[in-house]
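Trainee: May we examine a structure together, one question at a time?
Mentor: Certainly; please have the sequence and the structure in view.

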Amino acid sequence: MTYDQKCIACDKCVEVCPVEAITADPLQGRVIHRDKCDLCLKCGEVCPSGSIVIAGEYMTVDEVVKEVMSDEPFYKNSGGGVTVSGGEPLSQPTFTRELFKALKDKSLHAALDTCGFAKWEVMESVLEYADLVLFDIKHMDAGRHITGTGQSNALILENARKAAAKKRLWIRVPLIPQFNDSEENIQQLAEFGVGIGAEQVSLLPYHEWGTPSYERLGRTYPLEQLERLEDSKVEKLKEICEGAGLKAVIGK
Ligand code: SF4
Ligand code: SF4
């Protein structure tokens with residue numbers, strides 16, 4: 001992550017970069033050429049001002065569990081637990097499975113938040129120690145799903161069916177204007193949810209909160225031109241879900 005306004009122009013990052021991916025421009029300040037960057041993270045290690053920050057850290061399962069258990073009284077009092085989200089937890093299935101197993105040993109509730117795009121054997125192995133699945137479904141139409149994500153929804157819907165047969169499952173839908181917010185799509189999704197035994201659907205209206213993160217990563221936010229959905233429209237979609245017999249919540 002970069003915070004350009006914090007840069008003090010010391011040029012330490014320019015000097016340490018092994019592939020000359022950072023240049024000091026008199027007008028633009030320090031510029032990272034991400035196409036050259038090999039992610040060695042050395043610039044983040046030497047930056048004295050917090051202008052380049054290494055986001056995230058490598059942790060073992062034991063270290064994560066220790067961190068989690070420091071809040072044990074909170075979990076006990078609230079009835080809460082741990083949700084492993086992403087990115088995509090199924091891209092690190094061994095770690096996620098071992099973490100869930102360790103959380104189970106501590107009698108903590110564990111939820112998997114997934115896009116559902118993985119081999120079933122992988123998902124099944126991770127689900128063994130999970131209590132709840134938060135399952136993203138982005139579109140019920142295969143063609144529109146390919147347009148929006150580059151992949152068909154066939155494997156995802158099949159995995160949702162299988163996962164719901166094993167564990168409690170909540171469907172989550174990021175509602176993107178002009179992509180998946182039609183009444184027809186939500187009707188189909190609600191009927192699908194009822195059919196597989198999902199407990200509820202969470203309708204998550206599009207927002208622009210990701211924009212600053214994209215800027216800090218030097219990337220262009222692809223949905224910048226989209227406008228938020230009207231509350232009345234989201235309420236209507238919620239009613240459609242409820243009419244189909246599926247509990248619906250908005251924004252969580
Ligand atoms: S992370 Fe990228 S930009 Fe930073 S020092 Fe390494 S190669 Fe250079
Ligand atoms: S090391 Fe940090 S403060 Fe120094 S030039 Fe690079 S980004 Fe700026």
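Trainee: Which residue of β8 is the bridge partner of Leu 203?
Mentor: Please keep in mind that this model is predicted. Strand β7 covers residues 200–205 and is joined to β8 by four bridges, the two strands running parallel. Within β8, the partner of Leu 203 is Ile 250.

Trainee: Which are the edge strands of the open sheet of six strands?
Mentor: The sheet has parallel pairing and follows the order β3-β4-β5-β6-β7-β8. An edge strand pairs on one side only. The edge strands are therefore β3 (81–84) and β8 (247–250).

Trainee: At about what angle to β8 does helix α11 run?
Mentor: Helix α11, made up of residues 231–243, lies across β6, β7 and β8. Its direction relative to β8 is given by an angle of about 160°.

Trainee: Which residues touch the most other members of the largest nonpolar core?
Mentor: In soluble globular proteins, nonpolar side chains tend to be buried together. Here the largest nonpolar core has 51 residues. Those touching the most other members are Phe 100, Leu 169, Ile 171 and Val 201.

Trainee: How many residues of the shell around ligand 1 are charged?
Mentor: The residues surrounding ligand 1 include Cys 17, Asp 38 and Cys 43. Asp counts as charged, whereas Cys counts as nonpolar. The shell divides into ten nonpolar residues and no polar ones, and the number of charged residues is one.

Key
Residues numbered from 1 in each chain as written. Chains lettered and ligands numbered in written order. Predicted model: local features only at pLDDT ≥ 70, side-chain atom pairs only at ≥ 80, totals over all residues. Heavy atoms only, no water. Near = heavy atom within 4 Å. Core = buried A, V, L, I, M, F, W, Y, C linked by side-chain atoms within 4.5 Å. Buried < 20%, exposed > 50% of the residue type's maximum accessible area, 1.4 Å probe, protein only. Contact = heavy atoms within 4.5 Å. Axes fitted to C-alpha atoms, helices over the stretch in contact; angles between N-to-C directions.
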